[in-house]
Amino acid sequence: MRDTLRFRQVHLDFHTSPAIAGIGAKFKKKEFQAALKQGHVNSITVFAKCHHGWSYHPTQVGQQHPHLSFDLLQAQVEACREIDVNTPIYISAGLDSVASAAHPEWRMLRANGQYAGWTAEPIAAGFHRMCFNTPYLDYLCDQIREVATLYPNCHGIFLDIISEEECCCKWCMEWMAKRGLDATTPEARQKASAHTLQTYYERTTAACREANPAMRVFHNSGHITPGRRDILKFFSHLELESLPTGGWGYDHYPMSAKYVSSLGLDYLGMTGKFHASWGEFGGFKHPNALRYECAAMLAYGSKCSVGDQLHPCGKMDASTYALIGAAYAEVEQKEAWCGDVKTIADVGLLLATSINADLNRSQRDDTGANRILLEGHFLFDVLDTECDFAKYRMLVIPDTVRIDAALKKKLDRYLAKGGKLFLCGQAGLADENTFLFDVGATCEGPSELSPDYILPRKDLRPGFVQTPLVMYTRSQRIRVTTGASLGDVYDPYFNRTYQHFCSHRHTPNKPARSGFDCGVLNGNILYLSHPVFTQYNDCGAVAYREYITNALRLLLNTPTLNVGNMPSTGRVTLVEQPAQKRFVAHLLYANTLLRGGNVEVIEELNPLHDIALTLRLPRRIKSVRLVPENIALDFTTTTGGVSFVVPKLLCHQMIELAYA
C-alpha cells in the first residue's frame, strides 16, 4: 500500500550544463538537512536525470555528469531518510540533449522539417525534444528501471515533459505508412502521436513498477487534460503545475484543483519560489505571495509543492528555504483540517475543453466562467462529462460547448430530477436556429449586428447601469415565447465599416428596442443570448460580472453559502471532514497587481474585517471556531442556516463548523 502524499513538498530541479565544473562539490549533508528543516519540508523530489540528459548517480545505462565525482542522488536520499523526509525521484523523459547528440535521428521532427522542442536551430540554446516512437523509448525505460531498482523504496517516480507532437521522424513515417495513413494530413500524424503517447504511458509506468509494484508514478505535461480519464490508470496521484507569475495567473490553480478533486486521486499543487518561472536562478517571489499560494492549495483540497532549483555546486540557497519556511510553517499548523476532505458545491462547471476535442489547453469561455464563479463566491466544482451531475443543484455550460446525443441524454435525466441548467451563447443549440432544450424561446440564428446592446430587467441589471450596455460578442437572436424575458436587446444603427461608421469604436444603439431578448428563464433552464463567459474573459467589465452573477443567483435561488463584506478578489471554499464530524470553510484574500507588463504578483497582505457568513448545511452545527487558533465564534441558527461573523481575515482563515 502506498503512503499518502505529504503536505509540504519541494520540487528540486537540477539541470546542469557540461560546461560547468565542480558539480555538487559544495553539497554537505548537514547543510542540506538544515535547509529542509528551516523550510519545514517533509518531502522533496530529488533528481536522477536532467533535461540536459545527464545522470546524477553512477549509471550503466545513461551518462553521469562529466563533472560529478560522487553519487549525488544517493547522498540526498540518505540525508533525507535521516530526518524523515520523503524522496520522490525526478527523471526528465521528453528532453535529452545527451541522447540527441548521439542519436539525432531520435529527435521529434515536425512536418516542415524542423526539429521540435525548445529549440529548432542547431546554433540556438535550448533542450532537445525526443520522439517516444523511436528507440529512445527503450533507452528511457532502461534508465527508469535502473533508478527504480536502485531505489525501490523511494516515494515515487516523477517523469517530466510528457507529450507527443505530430512527428515525421523515420519511425513515425514508417508507422503511418504501414497502416496506410497519409502522412501529409494532420489527422494521420495525430493518430501516430496518440499511438506513441499511449505506448509511452504503458511502457514507462511498467518500468517504474518493475521493482516495486506499489511505486508512485506521475507523468508531467504541465497540466491535467480535462476529459482524458483514459490515461489516469497510469498515474498514482496528480501534481498540478501552476506558477501564477509564470503565465498561469492566480485564477488558474482553482480551476485545475476543482477539476481533479472529483477524479479519485490524491493531488498536490505545484508553484515555485521564483519571481517568474522555472529555471530562474536568483529569483524570489515575495514571502506573502508564497504564503497565499500555499494557503490556496489547502483551501482547494490539495497538498503543497514548491519548486526550487539547486545551484550546480550543490549548495542549498538560504534565502529560498527561509521563504519556503514562512509558508510551510503555517501549512504545518493547518494540516489537521485539510486532509481527507470532500468538497461541498452547489454548482458544476462543465468545461468546454473536456468536450471540444479541437480546443487548446485554455479556452476563453472556461476561463471566464471560472473567474465569474470565483469572484461571485459560488461553491462550485469543475467537471467533465463523466462526472456525476446529480451532486449539483445547477450546471453551468459555457458558451462553446457542443452538446452531443450522449450528453443531451445525460442532461435530460439531470433536468428530470430537478437539476438546473445555465446556458449561454451556442451552448444548448442544436444548430443556428434550434434549441436542444425547451428554454421558452425561439432562435433566429446569430445576429448580423455586432456589437449590440442589452438592458437586462431590473433584478439582473448592474446597480450602476440604467441604460443599454454594450456587448462586444455576437448574440443569438432569440424571441421569448413561453418563458420569462430577462431583458431587451438594442441594435446599433449599423455595423462599423469604411462606408459608415460613428465615433472612435462602434456605433451607438438605436433608442427603440430590437424586439429580441437578451435572455430567458423557463423553469429550471436559464439561457443568455450572448457568449457572456468569453466576453468577461476578454473584457473583464464589472458590469458584465454583475449581470452574469445576478443571473446565476436567480437560477440557483438558495445557495449553500452567502458571504457578505468580501471583495470579488476574495475566495471562499467549503469542505467536509466526515471522520472528524466537521465542515471547514476557507476564506482567502490577497490583492494581486500586474508588474513588469504581464507578471501577476502579491506583495502586501491587507486585512479584511467583519466578514459575515451564512451556511445552509445538512447537519446541526454545535460549535463554530477559528482554526488553528482555536477561537470560538458566536453563531445563530435559524431556518436560513447558521450565521456568524469572522472578525478578521489576513491572507487565509479556516473556520471549523463541528456537528453532532
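Seven strands, in the order S13-S12-S14-S15-S25-S24-S22, make up an open sheet whose pairing is mixed. Strand S13 (380-383) and strand S22 (484-485) stand at the edges of this sheet, and because each has a single partner strand, one side of each is left without a neighbour in the sheet. The model in which this sheet is seen is a predicted one. Within the sheet, strand S12 (residues 347-350) and strand S14 (residues 394-396) run parallel and are joined by 3 bridges, and Gly 348 stands opposite Leu 395 in S14.

Other strand pairs can be followed in the same way. Strand S1 (residues 8-13) runs parallel to S2, to which it is joined by 3 bridges, and the bridge partner of His 11 in S2 is Thr 45. Strand S2 (residues 43-49) is mostly covered, since 7 of its 7 residues are buried. Strand S34 (residues 635-638) and strand S35 (residues 641-649), by contrast, run antiparallel, with 4 bridges between them. A hairpin through 2 residues joins S34 to S35, and Thr 636 has Ser 643 in S35 as its bridge partner.

Strand S19 (residues 452-456) holds Ile 454, a residue that counts as buried because its relative accessible area is 0%, where the cut-off for buried is under 20%. Ile 454 and Asp 488 are 34 residues apart in sequence, yet their C-alpha atoms are 5.6 Å apart in space. In the loop between strand S18 (441-446) and S19 lies Pro 451, and the peptide bond that leads from Ser 450 to Pro 451 is cis, with omega near 0°. A cis peptide bond is also found from Val 627 to Pro 628, here with omega near 5°, and Pro 628 is placed in the loop between strand S32 (621-627) and strand S33 (631-632).

The backbone has further points to examine in its loops. Asp 340, in the loop between helix H9 (318-334) and strand S11 (342-343), has a phi near 55°, a positive value in a residue other than glycine. Its relative accessibility is 76%, so Asp 340 counts as exposed. Asn 557, which lies in the loop between H13 and strand S26 (561-564), likewise has a positive phi, near 75°, in a residue other than glycine. Asn 557 also counts as exposed, because its relative accessibility is 54% and the cut-off for exposed is over 50%.

We turn next to the aromatic side chains. A search of the whole structure finds 22 aromatic pairs. In one of them, Trp 106 and Tyr 139, the ring centres are 6.2 Å apart and the planes are at 45°, so the pair is tilted, given that the tilted class lies between planes under 30 degrees apart, which count as stacked, and those over 60, which count as edge-to-face. This pair links distant parts of the chain, with Trp 106 in the loop between helix H3 (97-102) and helix H4 (136-150) and Tyr 139 in helix H4, 33 residues apart. Trp 106 and Tyr 139 are both buried, and both belong to one aromatic cluster, whose members include Tyr 90, Phe 132, Tyr 136, Phe 158, Tyr 200 and Phe 235.

Charged groups also sit over aromatic rings in this model. Arg 107 lies over the face of Tyr 115, at 3.9 Å from the ring centre, while the charged end of Lys 258 sits over the ring of Phe 380, 4.2 Å from its centre.

The last feature to follow is the second largest pocket, which holds about 1,100 Å³ of space. It is lined by 42 residues, of which Trp 248, Asp 251, His 252, Thr 367 and Arg 371 are the closest to its centre. The elements that give two or more residues to this lining are helix H7 (252-260), helix H10 (364-375), helix H12 (532-539), helix H13 (542-556), strand S29 (592-595) and strand S30 (599-602). The largest share of the lining comes from H10, with 6 residues. Sorted by class, the lining of this pocket has 15 nonpolar, 18 polar and 9 charged residues.

How values were computed:
Residues numbered from 1 in each chain as written. Predicted model: local features only at pLDDT ≥ 70, side-chain atom pairs only at ≥ 80, totals over all residues. Heavy atoms only, no water. 1 Å grid on protein atoms, 1.4 Å probe; cavity = no way out; pocket = protein on both sides within 12 Å on 5 of 7 lines; lining within 4 Å. Points joined across faces, edges and corners; volume = space filled by probe spheres on them. Nonpolar A, V, L, I, M, F, W, Y, C, P; charged D, E, K, R; others polar. Phe/Tyr/Trp six-rings, centres within 6.5 Å; stacked < 30°, edge-to-face > 60°. Buried < 20%, exposed > 50% of the residue type's maximum accessible area, 1.4 Å probe, protein only. Lys NZ or Arg CZ within 6 Å of the ring centre and 35° of its normal. Pairing = 2+ DSSP bridges.
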